[in-house]
Amino acid sequence: MARPIQKIVIVGGGTAGWLSAAYLNRAFGRKVDITLVESPRIPRIGVGEATVPTLRTTFSFLGMEEADWMPKTNAVFKSAVRFNDWRKPHEGRDSHTYYHPFFDVPEPAVRNYEKPFHKRFGRGVSLAHFWLKQRLAGDTRVRETFGDAGMALQRLCELDKAPKPLPGTDAPDPHYRYAYHFDAALIAKYLRELATGRGVKFVSADVKSVSVDPRGVIEKVVTDTAGEIEGDLFLDCTGFRGLLINQTLNEPFVSANDVLLCDSAVALPARHQEGGLRPYTSATAKPDGWIWEIPLADRDGTGFVYSSAFTTPEKAEQQLRQHLGGRDHDIAGNHIKMRVGHNRRSWVNNCVAVGLSSCFVEPLESTTIALIEYQLALLVLHFPDSDFDERRKTRYNELMVSAFEDLRDFIVMHYTLTDRDDTEFWRAVREAPIPASLEEKLTEYAESVIIPDGSQLRLFETRSLWAILSGMDFDFKKAPPSVDLMNDAAAWEMFEQIDKEREIYSAGLPSHREYIEALHRGL
Ligand code: FAD
């Protein structure tokens with residue numbers, strides 16, 4: 001007879017391992033015994049410092065309070081990604097810049113506005129469609145209103161504002177969506193203390209071998225200093241090594257390097273830029289790749305992402321240091337070989353791969369920690385008993401591949417829409433094949449048939465698609481037929497009202513630095 005899972009063994013203690021330990025412990029309490037084994041010798045990947053807004057729900061599930069965990073991990077807010085130079089500059093400009101904001105339209109605008117209009121047309125999508133209609137008609141006002149650096153949402157980023165008012169003030173809270181930047185080493189430490197404080201067992205040892213029975217079921221891991229550790233369910237959180245899933249169970253890895261050419265990165269800490277504390281991640285395209293800059297409370301995390309087919313690690317590090325213009329710390333760069341793609345199956349027998357051992361898209365848009373959250377939520381939903389019902393695993397694996405492919409398409413889109421042709425790298429990017437699924441989506445976007453599918457993981461919904469498509473000057477062919485029904489005057493009025501409200505909110509929002517300093521003082 002099937003019995004409940006009693007013992008989970010997690011191998012690996014990076015963000016994936018410790019987030020898994022804390023999450024499963026929160027979900028199951030002390031009904032399930034959880035042990036995490038981490039090598040004291042094998043370093044974590046050492047990057048992964050920008051997130052997306054889903055993490056707020058996960059941290060709140062874990063009972064984590066911003067006032068407690070943010071100062072301990074040098075965390076700050078992230079309200080957007082700013083893309084620099086992903087296309088040639090517009091006429092008359094020196095550079096091309098656009099934002100992918102997380103900010104949502106503030107709530108009261110919905111309430112104040114005439115209800116029937118909303119009921120009929122909704123918001124967001126219809127305003128975006130209206131914007132598209134005006135743009136196709138050559139109305140220059142829309143460039144200033146929506147979809148350009150003058151956009152009100154982006155102004156909050158340019159002004160280095162925090163996404164919410166300081167507690168205890170009278171300023172209205174617009175309830176903007178936001179995410180975080182944090183120190184990767186410190187967040188793993190924080191999660192470790194949280195999880196072990198709640199009963200997760202921690203073993204500091206190297207897993208030297210894995211015992212598997214003739215059916216391919218893992219029985220135990222054998223460590224160098226802590227003996228053997230048996231379990232019912234094993235989580236592989238060993239990063240790109242995939243010690244259990246790939247090296248032991250021989251599950252094949254399906255590479256996505258044919259459509260995403262970047263396979264390498266070099267990371268460096270740097271001093272902050274002059275001026276305010278930026279509330280966004282920057283992704284700046286360079287001749288041979290792109291550079292991320294992630295402001296934290298005490299430093300910037302930076303890195304250069306490139307394809308080894310077009311540049312060497314030395315040149316990549318040189319380009320990064322050059323970009324940083326003397327802000328780089330005088331230490332060796334952290335050179336990383338990236339495994340871009342996904343396991344054919346992330347759950348095999350009694351082993352579930354979580355984190356980099358499962359799949360990795362590429363760092364643009366900071367999606368891997370969100371994928372870890374998704375994997376854990378799915379695992380709890382499909383949690384097995386000792387029977388390990390094949391149908392549950394199959395469903396889980398199908399959902400994971402589908403989530404991966406959707407994200408892959410979203411990331412490839414950023415590259416596909418470039419018109420850069422200044423180097424071999426960008427010419428190769430433009431000539432790289434694009435997934436058939438993305439080809440189909442782009443045709444739909446061009447003809448304004450955008451139908452987000454709520455049944456699967458869609459980290460990036462319509463508003464994000466619009467940010468990228470409009471930012472990258474996508475060649476829209478037509479506006480959706482529904483805009484012909486729209487009351488243009490009412491739509492303009494709504495834009496103006498939203499803009500006014502944003503100004504009011506913005507006036508009440510503290511600077512990002514002010515908020516973070518207050519957090520460090522204990523708010
Ligand atoms: P790792 O951090 O590599 O941890 C592996 C763990 O396994 C370590 O603790 C190691 O000691 C242990 N281990 C390995 N072998 C053994 C063994 N034999 N015995 C015991 N323990 C073992 N994600 C985001 O969400 N946002 C970002 O901005 C972002 N940027 C990225 C930039 C780059 C260049 C890359 C490559 C990734 C980025 N990611 C990002 C992904 C993010 O870094 C990872 O998802 C996250 O750090 C989780 O990694 P991990 O825990 O799976 O692996």
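**A guided reading of the predicted model**

Asn-74 is found in the loop between helix 3 (66-72) and strand 3 (76-78). The model that contains this residue is a predicted one. Phi of Asn-74 is near 55 degrees, which is a positive value in a residue other than glycine. Most residues other than glycine have a negative phi. Asn-74 counts as buried because 21 C-beta neighbours lie inside 10 Å, the threshold for burial being 20 or more.

Ala-75 belongs to the loop between helix 3 and strand 3 as well. This residue is buried, since 23 other C-beta atoms lie within 10 Å of Ala-75. When neighbours within four places in sequence are left aside, the contacts of Ala-75 are Trp-69, Met-70, Tyr-180, His-181, Phe-182 and Ala-297. A further pairing joins distant parts of the chain: Ala-75 and Pro-295 are 220 residues apart along the chain, and their C-alpha atoms are separated by 8.9 Å.

A positive phi occurs again at Asp-473, where the value is about 50 degrees although the residue is not a glycine. Asp-473 is placed in the loop between helix 16 (462-471) and helix 17 (488-508). With 15 C-beta neighbours inside 10 Å, Asp-473 counts as partly exposed, because that class lies between the limit of 12 or fewer for exposed residues and that of 20 or more for buried ones.

The account now turns to the interior. In soluble globular proteins, nonpolar side chains tend to be buried together. The largest nonpolar core of this model has 139 residues, of which Ile-10, Val-11, Ala-21 and Leu-191 touch the most other members. Helix 13 (residues 390-416) gives the most to this core, contributing ten residues. Apart from its neighbours within four places in sequence, Ala-21 is in contact with Ile-10, Ile-34, Leu-36, Ala-195 and Val-200.

Tyr-23 is located in helix 1. Tyr-23 counts as buried because it has 23 C-beta neighbours inside 10 Å. Not counting residues up to four places away in sequence, Tyr-23 touches Leu-62 and Leu-376. The C-alpha atoms of Tyr-23 and Thr-58 are separated by 8.2 Å, while the two residues stand 35 places apart along the chain.

Helix 1 also leads to the ligand. There are 38 residues around the ligand, and those that come nearest are Gly-12, Gly-14, Gly-48, Gly-239 and Gly-355. Two or more residues of this shell are given by each of helix 1 (15-28), strand 2 (33-38) and helix 12 (368-381). Helix 1 supplies the largest share, three residues. Sorted by class, the shell around the ligand consists of 17 nonpolar, 16 polar and five charged residues.

Helix 13, named above for its part in the core, also packs with helix 15 (residues 436-446) at an angle of about 65 degrees, the two axes being 9 Å apart. Their crossing is right-handed. On the side of helix 13 the residues that meet the partner are Glu-405, Asp-409, Val-412 and Met-413, and on the side of helix 15 they are Ser-437, Leu-438 and Lys-441. The residues of this contact divide into three nonpolar, one polar and three charged.

Conventions:
Residues numbered from 1 in each chain as written. Predicted model: local features only at pLDDT ≥ 70, side-chain atom pairs only at ≥ 80, totals over all residues. Near = placed C-beta within 6 Å. Helix = DSSP H or I, 4+ residues; strand = E, 2+ residues; numbered from the N terminus. Nonpolar A, V, L, I, M, F, W, Y, C, P; charged D, E, K, R; others polar. Core = buried A, V, L, I, M, F, W, Y, C linked by C-beta atoms within 7 Å. Contact = placed C-beta atoms within 7 Å. Axes fitted to C-alpha atoms, helices over the stretch in contact; angles between N-to-C directions. Left-handed = near helix turned anticlockwise from the far one by under 90°.
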